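Visitor: I am new to this structure. Please show me how to read it, one feature at a time.

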Amino acid sequence: MNLDSKHQNQQQHVLKLNGVWVAYAHTFCALAAFLSALIVGVTLHYHKIVQNGYYGYPDEWFPSVSATIGDRYPERSIFQIMIALTAGPRFLLLFLSYLRLNKTGSYLPLIGLVSGILRTFTCGGWVYITSTDDHDAHDIFMISYIVLTIPWTVCVTKLTDKSNKLLKNGRRFTAVAFFGLLVPLVYLFIQHKVHRVAGAYSYYAYVEWSLIFLDIGFDTWSVVDFKDLEFELSAAENAPPTVLNLSYFSQDETSSTDEKEAVREKLVPGQFPVDTLVGLTFIHSIVQIINSFIFWSVFTALFLCIWHFPLWNMGISGYEAAALSLMAPVLLVVPPLRNLFARFPQIPRLLTALFGVGSYKFEAPADRLLILSVGTCFGFISLSNEIWTLGQIRDSLALSWYSTTFTLGLITSSIAKFAFYTNNPIWPIMHTDNGGLNIYGVIIGVVSALSTPSYLTQLNPTEISSGVSKGYLFPAAVGVGGLIFSLDAMLTDTSTLILWCWEGYPVRGPLPVPHGVFTFVAMAIGTYLGFTKPSLVSSSSFFIAGSAGAAVLYASSGWIGYIGGLVYSIFLTGIIPVIFTSASQFNVGLVFGLGFFLAILISLAHVWVVAYAFVPAGWILRERTDIVLGISVAMVGLGIVVGKKANLIVRAKNHGVGTSLRKRLTKIAGVLLVLSAVISFRRLNFEKPQPYHPEDKLLTAGIWTIHFGLDNDMWASEGRMRDLIGELELDVVGLLESDTQRIIMGNRDLTQKLAEELGMYADFGPGPNKHTWGCALLSKFPILNSTHHLLPSPVGELAPAIHATLNVYGELVDVVVFHSGQEEDVEDRRLQSLGVADIMGSTDRPMVLLSYLVTKPLKGNYHTYVSETSGMHDIDSSDSDRWCEYILYKNLRRTGYARVSRSTITDTELQVGKFQLLDEGEKVNYSEKRIRESKVPKGLQFPRQFRKNGVRGHRYHVFDEPRYYDS
């Protein structure tokens with residue numbers, strides 16, 4: 001709203017309101033009503049609102065609209081308040097639509113208006129009369145609403161101006177999608193109500209929520225329709241003079257265009273001193289790097305914390321909805337909110353630090369995730385609005401500077417993980433007891449947020465001025481989504497690219513330490529090129545080189561694959577200014593909201609390639625990392641095309657500004673690289689690992705399913721695992737569910753901390769590009785050779801295995817670590833048992849199998865594992881209380897066996913076996929005759945602290961004590 005000065009001489013006090021405000025208000029209130037109810041409901045009453053008359057969680061996992069908005073307090077009240085606020089904009093929207101679409105001699109405008117009014121009243125019926133209050137009345141109003149939607153959408157679509165193809169096609173598509181979804185809606189309701197199919201109501205809920213968003217979306221097209229529609233409010237002729245100064249909300253394009261252009265001309269660098277563009281100082285560069293570090297710390301923690309819930313629920317939990325916090329920038333379609341954050345960027349930055357980093361203070365996992373999600377919302381709002389704000393200056397130097405600080409912040413966060421064994425010390429899965437530095441992160445983040453420069457102190461941004469066609473908004477958004485996903489998936493930890501190329505022993509490629517420094521160097525090179533060579537990084541040849549690097553990374557292993565990954569890293573960090581520049585020209589809420597929505601979709605695809613056995617339609621992307629990688633590269637390429645067409649490349653006339661900035665940022669990057677090299681050197685282990693009891697030639701081996709390094713309370717558990725493994729004096733341990741090199745697991749490598757602090761060799765097992773949940777091997781003995789296997793899995797999840805040969809006191813001993821498939825996949829498990837039996841039977845050397853077999857002792861596939869083909873024997877066949885974990889062996893002297901409780905570290909116990917090498921000429925004895933501990937030499941005994949109540953929740957259980965054998 002603004003005071004129209006043109007009319008002041010003719011008539012006082014004219015207030016002009018642009019029609020888009022009505023559409024904005026309607027969309028915001030409607031979306032806020034439904035989304036707030038959904039978020040609050042899932043947070044407070046998840047299991048209750050997914051419950052229906054036939055099934056509850058986990059058979060049903062997503063709440064219907066009715067259950068969300070009408071069953072529980074406070075979400076019901078929140079929804080009803082917000083939907084009441086929607087009424088005002090709703091009636092104004094109906095009135096303006098009638099005026100806009102009215103045609104002389106046509107009855108359609110009147111039908112549309114009447115049906116729209118009646119439809120609004122029926123909406124009130126099913127909103128305020130819930131299914132719990134009166135099921136029949138609720139359904140009658142709901143059906144009436146859907147029926148009245150037909151004349152409303154038909155009339156509005158038919159009356160839309162044909163010359164506006166975007167609006168016409170948009171309304172037509174939205175309406176067709178709405179009514180098309182009624183078919184699966186009815187089908188799924190019948191499946192639920194008549195056939196009582198488990199899960200059908202959750203899929204019904206998906207369709208129901210889609211209808212809600214399409215319904216709101218249809219009316220949101222009025223933003224386009226009303227942009228040149230205004231109505232005036234004027235005072236009576238005899239009214240006293242009043243001063244109205246509401247220019248902050250101005251949408252009037254006719255009154256101030258010349259003034260805006262004059263301001264933009266003034267803001268072109270080269271005509272003003274350097275300090276005119278606030279932020280281009282050394283201190284502000286440091287501030288923005290810290291802000292970027294906080295952003296990446298909060299963002300990478302979000303999916304990691306979300307992962308805790310489906311992990312423990314063994315399926316979709318509902319908490320996955322927290323990922324939608326990435327779409328928070330869509331709120332910036334509201335000009336006052338956008339302008340507020342543009343003028344005061346300190347606000348969202350401060351909230352990012354307080355909520356995102358400070359979420360560690362909340363003990364309950366669900367509360368911690370909710371608070372973290374709020375911080376993530378403001379983090380993405382900050383990033384989006386700052387890019388858009390700098391775009392208004394129309395100077396590529398400013399955007400290049402910002403992009404460079406953004407990338408250096410990414411490098412800083414990766415260095416922090418490099419120093420803390422791939423855990424970010426300010427993640428909300430960290431705290432003081434497990435090495436977290438959260439409080440320091442909060443303090444640094446708050447100080448940096450408050451120091452954030454306000455870039456547009458001289459400009460009141462109201463609308464983006466673009467030199468390209470509006471048709472490029474979608475490609476620009478695609479580029480943003482592809483870039484954020486690619487950076488998150490590949491460059492938030494230096495060990496990710498290395499483990500993509502890992503093949504086992506002997507080492508034939510890079511190691512996370514020290515070669516992770518090479519990844520930092522590649523990222524720094526890309527950052528430098530992005531700042532100094534804009535023409536190069538936006539060229540076709542640069543994109544081809546980056547695509548080739550990604551292909552080599554996917555197709556090759558060892559050093560060749562890693563070199564391809566380094567080229568890909570240079571490409572990704574180099575094109576950040578190009579993508580940001582193209583996105584800065586468009587409506588910030590639309591381009592970034594859509595872009596980050598696409599980032600969510602491809603992140604889910606990134607999960608689908610391995611979690612296909614647990615998610616809907618998982619077969620589509622089963623083991624198709626190539627498709628996900630290819631799509632992400634193509635998305636980035638599309639963004640580059642828009643960047644090349646962008647009419648925003650206005651370089652400063654004072655080239656000294658760019659030179660000065662380049663020198664400053666290069667020094668900062670140099671300091672970061674030196675820091676990474678120092679960390680790498682400090683982490684190098686120059687001491688050769690030694691077994692615990694060489695005097696007895698003892699090999700103590702264990703098997704443990706570690707649940708991806710997150711304990712029951714959503715804290716990082718590597719430190720607690722280290723303590724238990726060390727106190728049990730394990731020389732060899734197999735770790736299952738250990739592949740955490742994915743976005744949803746934080747791109748971590750659990751073996752690094754365990755191996756370095758316990759003094760052990762580590763084999764990560766099949767890499768993240770092999771689509772397994774992972775198996776790893778840690779050993780005090782040198783690993784001479786290791787081969788990674790993927791056992792047959794025609795239906796279910798892939799079954800990984802490691803077959804390693806160790807140098808145990810000068811003799812060759814084989815160890816196999818193996819994770820079988822799920823209980824439901826009977827044929828998979830049968831084929832896998834045959835495959836593992838062949839591996840074990842391929843050698844007569846002493847061997848230990850550390851495994852997760854999913855079978856009962858002495859039944860079924862057990863007889864394939866323990867057979868003449870494999871030559872293997874059970875460590876204790878009388879232990880009938882087993883299903884998952886087993887230890888088998890051959891050609892060794894078995895001396896002891898124990899089962900140790902897990903405490904709250906994971907969901908599975910730790911099994912331990914003690915073995916000795918046979919003396920020359922000694923015949924192996926597989927007798928299971930047990931002896932008392934008093935007859936066992938001290939060096940062969942299990943630690944005593946785990947007897948009775950044990951320590952820290954760990955104790956000998958099932959037998960309540962270890963077992964020893966007369967071998």
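Guide: We will go from the whole chain to its sheet, its salt bridges and its surface. Keep in mind that this is a predicted model.

Visitor: Let me start wide. How many helices and strands does the protein chain have?

Guide: The protein chain has 30 helices and 17 strands.

Visitor: What share of the residues is buried?

Guide: Buried means under 20% relative accessible area. In the protein chain, 60% of the 967 residues are buried. The accessible surface comes to about 37500 Å². Carbon and sulfur atoms account for 62% of that surface.

Visitor: And contacts? What share joins residues at least 24 apart?

Guide: Start with contacts between residues at least 6 apart in sequence. Of these, 77% join residues at least 24 apart.

Visitor: Now a sheet. How do I read the order of its strands?

Guide: Go from one edge to the other. Here is an open sheet of 6 strands, in the order β8-β9-β10-β11-β13-β12. Its pairing is mixed. At the edges are β8 (783–791) and β12 (873–874), and each pairs on one side only.

Visitor: Show me one pair. In which sense do β9 and β10 run?

Guide: Strand β9 covers residues 799–808, and strand β10 covers residues 811–819. They pair in the antiparallel sense, over 8 bridges. For one position to look at, take Asn-807, which stands opposite Leu-812 in β10.

Visitor: What about β13? Is it enclosed or open to the outside?

Guide: Count its buried residues. Strand β13 (residues 885–890) is largely enclosed by the rest of the structure, because 6 of its 6 residues are buried. Then look at the two sides. Glu-885, Ile-887 and Tyr-889 point one way. Tyr-886, Leu-888 and Lys-890 point the other way. Both sets are buried.

Visitor: Which strands pair with β13?

Guide: Strand β11 (residues 847–852) pairs with β13 in the antiparallel sense, over 6 bridges. Strand β12 also runs antiparallel to β13, and 2 bridges join them. Leu-888 helps you find both pairings. It is the bridge partner of Leu-849. Leu-888 is also the bridge partner of Asp-874.

Visitor: On to charges. How many salt bridges does a search of the whole structure find?

Guide: The search finds 28 salt bridges. Ask two things of each: where its partners sit in the chain, and how covered they are.

Visitor: Take Asp-219 and Arg-90. Where do they lie?

Guide: Asp-219 forms a salt bridge with Arg-90, with the closest N and O atoms 2.7 Å apart. Asp-219 is in helix α8 (residues 200–220), and Arg-90 is in helix α3 (residues 75–101). They are 129 residues apart, so the pair links distant parts of the chain. Both Asp-219 and Arg-90 are buried.

Visitor: Where do Arg-830 and Glu-827 lie?

Guide: Both are in helix α29 (residues 826–841). They are 3 residues apart, about one turn of the helix. Their closest N and O atoms are 2.7 Å apart in a salt bridge. Arg-830 counts as partly exposed, because its relative accessible area is 37%. Glu-827 is partly exposed too, with 39%.

Visitor: Can you give me a pair in a loop?

Guide: Glu-933 and Arg-944 meet in a salt bridge, at 2.8 Å from N to O. Both lie in the loop between β16 (930–931) and β17 (963–965), 11 residues apart. Glu-933 is buried, because its relative accessibility is 14%.

Visitor: Which residues are linked in a network of salt bridges?

Guide: Such a network links Asp-874, Asp-879, Arg-882, Arg-899 and Glu-909. You met Asp-874 before, as a bridge partner of Leu-888 in β13.

Visitor: Now the cysteines. How many disulfides does the structure hold?

Guide: It holds 0 disulfides. Cys-305 is buried, at 0% relative accessibility. Cys-501 is buried as well, with a relative accessible area of 3%.

Visitor: Last, the surface. Which residues form a nonpolar patch there?

Guide: The patch is made of Phe-420, Leu-437, Ile-439, Tyr-440, Ile-443, Ile-444 and Val-447. Together they have about 640 Å² of accessible area. Look at one member, Leu-437. It lies in the loop between α15 (396–419) and α16 (438–450). Leu-437 counts as partly exposed, because its relative accessible area is 32%.

Methods:
Residues are numbered from 1 along each chain as its sequence is written. This is a predicted model: local features need pLDDT of at least 70, side-chain atom pairs count only at pLDDT 80 or more; totals for chains, interfaces and linings use all residues. Side-chain values use heavy atoms; hydrogens and water are left out. A disulfide is a pair of cysteine sulfur atoms within 2.5 Å. Buried means under 20% relative accessible area, exposed over 50%, partly exposed in between (1.4 Å probe, protein chains only). Patches are made of residues with over 30% relative accessible area and no salt bridge: like charges are joined within 9 Å, nonpolar side chains (Val, Leu, Ile, Met, Phe, Trp, Tyr) within 5 Å. Accessible areas come from the Shrake-Rupley method with a 1.4 Å probe; for residues, only the protein chains shown count as cover. A salt bridge is a side-chain nitrogen of Lys or Arg within 4 Å of a carboxyl oxygen of Asp or Glu. Helices (H or I, at least four residues) and strands (E, at least two) are DSSP runs, numbered from the N terminus. Two strands pair if DSSP finds at least two bridges between them. Contact means heavy atoms within 4.5 Å.
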